Amino acid sequence: MAARGVGVVVNGRDPEVVTEAAQRISGVGHAGSPADPAVADALVDTCVQNFGSIDILINCAGTAEPPGSSILNISSGQFRELLDAHLGTVFETCRAAAPRMVAQGGGAIVNTSSFAFLGDYGGTGYPAGKGGVNGLTLAIAAELKEHSVRANVVCPGARTRLSTGPEYEAHIAELHRRGLLDEVSMQGALDAAPPEYVAPTYAYLVSDLAKDITGRIFIAAGGFLGEFARPTPDFLGFRDANDSPPFSVEEIHDMINR
């Protein structure tokens, strides 16, 4: 963003990291967790005060599940913390930024999800939070389209602090052993390209080139670019509820398994 002339406000929970990143790109830093409504509001205010408007919002946040986390052992508190990090941050920043974008006549939002929302990488709060990000973004895109505010999702694959180290490698190997990940997916997870291969997709989605792109979920990983098709139901069976009884259990079984 900064290299393309955008005025950037950098956010994160670690003040030292935020300061270093902001200085490196000649941006403005604002530390704190935007899952806190006050931080989200202040983050948007900082952008408007420094640059006159908020035209772009990019949410790219997340934390790893506890080692070995599953529905069999995660606590309610841990689950809520994960939802806060993955979904709460997205909700609060969109809540704070969307009215400003509508008032000024447009804007672009890109929220970060993960193909982990499919459940293949295990866990609980991580896939649930990312699935929530997808649904929330699609709803925002539909609601704000008439106001020229766009909202899309990127599911990135990149080598970061979350996807390196012995614990991460052991986790991926264990998922492969259990049959959740195939060989190709395992190797891709262990040998991800750096984030620079993902960043241009974000830059495109907030640019004028993407002025007609909204409500879509993209995948960007290394040299791969893809898109999740919008889910649509496959036809299994129909009967008119006005003059027919409900399907029997046996009829439902036959329709699902034919």
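Good morning. I begin with one residue: setting aside neighbours within four places in sequence, Asp41 is in contact with Arg95 and Ala96. Asp41 is placed in helix α2. With a relative accessible area of 32%, Asp41 is partly exposed, because this value lies between the 20% limit for buried and the 50% limit for exposed. The C-alpha atoms of Asp41 and Ser75 are separated by 30 Å, and these two residues are 34 apart along the chain. I should say at once that the model before you is predicted.

Let me now describe the chain as a whole. It holds eight helices and seven strands. Its C-alpha trace spans about 65 × 50 × 35 Å along the principal axes. Of the 258 residues in the chain, 37% are buried. If we take contacts between residues at least 6 apart in sequence, 65% of them join residues at least 24 apart.

I turn next to helix packing. Two packed helices are described by the angle between their axes and the distance between the axes. Which angle and distance describe α2 and α3? Helix α2, residues 37-51, and helix α3, residues 76-104, pack at an angle of about 40°, and their axes are 8 Å apart. The two helices are therefore oblique to each other. The crossing of α2 and α3 is right-handed. On the α2 side the contact is made by Pro37, Ala40, Asp41, Leu43, Val44, Asp45 and Val48, and on the α3 side by Glu92, Thr93, Arg95, Ala96, Ala97 and Arg100. Sorted by class, this contact has seven nonpolar, one polar and five charged residues. Asp41, with which I opened, is thus one of the α2 residues that meet α3.

The second pair is α3 and α4. Their axes come within 8 Å and cross at roughly 15°. An angle under 35 degrees counts as roughly parallel, and α3 and α4 are therefore roughly parallel to each other. Here too the crossing is right-handed. Among the α3 residues in this contact are Phe79, Leu82, Leu83, Phe91 and Cys94, and they belong to a set that meets α4 residues including Tyr126, Val133, Leu136, Ile140 and Leu144. By class, the contact of α3 with α4 has 15 nonpolar, four polar and one charged residues.

What, then, lies in the nonpolar interior? The largest nonpolar core has 18 residues, and those with the most contacts inside it are Ile54, Leu57, Cys94, Met101, Ile109 and Ile140. The elements that give two or more residues to this core are α2, α3, α4 (125-144) and β5 (149-157). Which element gives the most to this core? That is α3, with six residues. Another core lies apart from it, with twelve residues, among them Ala108, Val154, Ala158 and Ile213. To return to Met101, its contacts, leaving aside neighbours within four places in sequence, are Ile54, Asp55, Ile56, Leu57, Gly106, Gly107, Ala108, Ile109 and Val149.

I now come to the loops. Is Thr124 buried or exposed? Thr124 is found in the loop between β4 (107-112) and α4. It is buried, because its relative accessible area is 8%. Not counting residues up to four places away in sequence, Thr124 touches Glu65, Ser69, Ser70, Ile71, Ile74 and Phe79. Phe79 is also one of the α3 residues that meet α4.

Ala229, by contrast, lies in the loop between β7 (224-228) and α8 (249-257). Ala229 counts as exposed, with 65% relative accessibility. The C-alpha atoms of Ala229 and Arg178 are 28 Å apart, and the two residues are separated by 51 residues along the chain.

Finally, I ask you to look at backbone angles. Most residues other than glycine have a negative phi. Ser26, although not a glycine, has a positive phi of about 55°. Ser26 is located in the loop between α1 (15-24) and β2 (28-31). Ser26 is exposed, with a relative accessible area of 70%. Ser148, also a residue other than glycine, has a positive phi near 65°. Its place is in the loop between α4 and β5. Ser148 is partly exposed, at a relative accessible area of 48%.

Thank you for your attention.

Technical notes
Residues are numbered from 1 along each chain as its sequence is written. This is a predicted model: local features need pLDDT of at least 70, side-chain atom pairs count only at pLDDT 80 or more; totals for chains, interfaces and linings use all residues. Side-chain values use heavy atoms; hydrogens and water are left out. Axes are lines fitted to C-alpha atoms, for helices over the stretch in contact, and angles run from 0 to 180 degrees between N-to-C directions. Helices (H or I, at least four residues) and strands (E, at least two) are DSSP runs, numbered from the N terminus. Angles under 35 degrees count as roughly parallel, over 145 as roughly antiparallel, 65 to 115 as roughly perpendicular and the rest as oblique. A crossing is left-handed if the near helix is turned anticlockwise from the far one by less than a right angle, and right-handed if clockwise. Contact means heavy atoms within 4.5 Å. Ala, Val, Leu, Ile, Met, Phe, Trp, Tyr, Cys and Pro count as nonpolar, Asp, Glu, Lys and Arg as charged, and the others, Gly among them, as polar. A nonpolar core is a set of buried Ala, Val, Leu, Ile, Met, Phe, Trp, Tyr and Cys residues joined through side-chain atoms within 4.5 Å. Buried means under 20% relative accessible area, exposed over 50%, partly exposed in between (1.4 Å probe, protein chains only).
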